[in-house]
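Reader: I'd like a close look at one strand in this protein and at what surrounds it. Could you walk me through it in one go?

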Amino acid sequence: MAENYISIISGKVAARVKVSDVVFIERNSRKLRIVTDRDEYSYYEKLENIKPLLDGRFYPCLKGCYINLEKVTSMSEQSIRFENGEVFNLGRENFIKAKQKYSCYLRKTL
């Protein structure tokens, strides 16, 4: 399977990021925040333009936020912990749905 890349072009940075390196993508007003294993990018882009590049590893835990289930290390007490040390907090309802999806994902990978 060919690797997909996200092109990031802003006034400060031009980069090509592997989709498999993405930990999570979060929309903040008109900007996207893309957090990877090593870096973090913030630039003006519509989430709708990125969605076609995301595959089954990504789960929309909020309206403007996708998490990479491969990069999650644990989920407890309404917090999602990722391999790179990032912690993402969710409300009760969204956390329950995300945890169920993550549990299904873990069962499939065993």
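Author: What follows starts with the whole chain, then settles on strand β7 and works outward from there.

Keep in mind that this is a predicted model. The protein holds two helices and 10 strands, and read along the sequence they come in the order β-β-β-β-β-α-β-β-β-β-β-α. A compact globule with 110 residues would have a radius of gyration near 13 Å, and the 14 Å found here agrees with that. Along the principal axes, the C-alpha trace spans about 40 × 35 × 25 Å. Buried residues account for 36% of the 110. If you take the contacts with a separation of 6 or more, 39% of them join residues 24 or more positions apart. The protein exposes about 7000 Å², with carbon and sulfur atoms supplying 46% of that area.

Now to β7, which covers residues 65-68. In a regular strand the side chains alternate between the two faces of the sheet. Here Cys 65 and Ile 67 sit on one side, Tyr 66 and Asn 68 on the other, and all of them are buried, so both faces of the strand are covered. The cut-off behind that word is under 20% relative accessible area.

What does β7 pair with? One partner is strand β3 (residues 22-28), which runs antiparallel to β7 over three bridges. Within that pairing, Glu 26 has Cys 65 as its bridge partner. Another partner is strand β6 (residues 58-62), also antiparallel, this time joined to β7 by four bridges. Phe 58 is matched there with Asn 68. With two residues between them, β6 and β7 make a hairpin.

Ile 67 is a good residue to zoom in on. Leaving aside neighbours within four places in sequence, Ile 67 is in contact with Val 23, Phe 24, Arg 57, Phe 58, Tyr 59, Cys 61, Val 72, Ile 80 and Phe 82. Nonpolar side chains tend to be buried together in soluble globular proteins. The largest nonpolar core in this model has 18 residues, and Ile 67 is among those that touch the most other members, along with Cys 61, Ile 80, Phe 82 and Phe 88. The elements giving two or more residues to this core are β3, β6, β7, β8, β9 and α2 (92-109). Helix α2 provides the largest share, four residues. Apart from this core lies another one, of 15 residues, including Val 19, Leu 32, Ile 50 and Phe 58. That last name should ring a bell: Phe 58 is also in contact with Ile 67 and is the bridge partner of Asn 68.

Going back to Glu 26, the bridge partner of Cys 65, you can follow a trail of charges. The side chain of Glu 26 meets that of Arg 33 in a salt bridge, 2.9 Å from N to O. Arg 33 also forms a salt bridge with Glu 40, at 2.8 Å. These three residues belong, with Glu 86, to a network of salt bridges. How open are they to solvent? Glu 26 counts as partly exposed because its relative accessibility is 22%. Arg 33 has 22% as well, so it gets that label too. Glu 40 is at 47%, which again means partly exposed. The model has seven salt bridges in total. Another of them joins Glu 93 to Arg 92, with the closest N and O atoms 3.3 Å apart. Arg 92 counts as exposed, because its relative accessible area is 54%.

Two loop residues deserve a glance for their backbone angles. Most residues other than glycine have a negative phi. Ser 29, in the loop between β3 and β4 (31-36), has a positive phi, near 60°. Its relative accessibility is 64%, so Ser 29 counts as exposed. Glu 77 is a second case, with phi near 50°, and lies in the loop between β8 (72-76) and β9 (79-82). Glu 77 is exposed too, with a relative accessible area of 74%.

One last stop is helix α2, where Lys 99 is found. Lys 99 is partly exposed, at 39% relative accessibility. Its C-alpha atom is separated by 34 Å from that of Val 13, and the two residues are 86 residues apart along the chain.

Terms used:
Residues numbered from 1 in each chain as written. Predicted model: local features only at pLDDT ≥ 70, side-chain atom pairs only at ≥ 80, totals over all residues. Heavy atoms only, no water. Salt bridge = Lys/Arg side-chain N within 4 Å of Asp/Glu carboxyl O. Buried < 20%, exposed > 50% of the residue type's maximum accessible area, 1.4 Å probe, protein only. Pairing = 2+ DSSP bridges. Core = buried A, V, L, I, M, F, W, Y, C linked by side-chain atoms within 4.5 Å. Contact = heavy atoms within 4.5 Å. Rg over C-alpha atoms; globule rule 2.2 N^0.38 Å. Areas by Shrake-Rupley, 256 points an atom, 1.4 Å probe, with all protein chains shown as cover.
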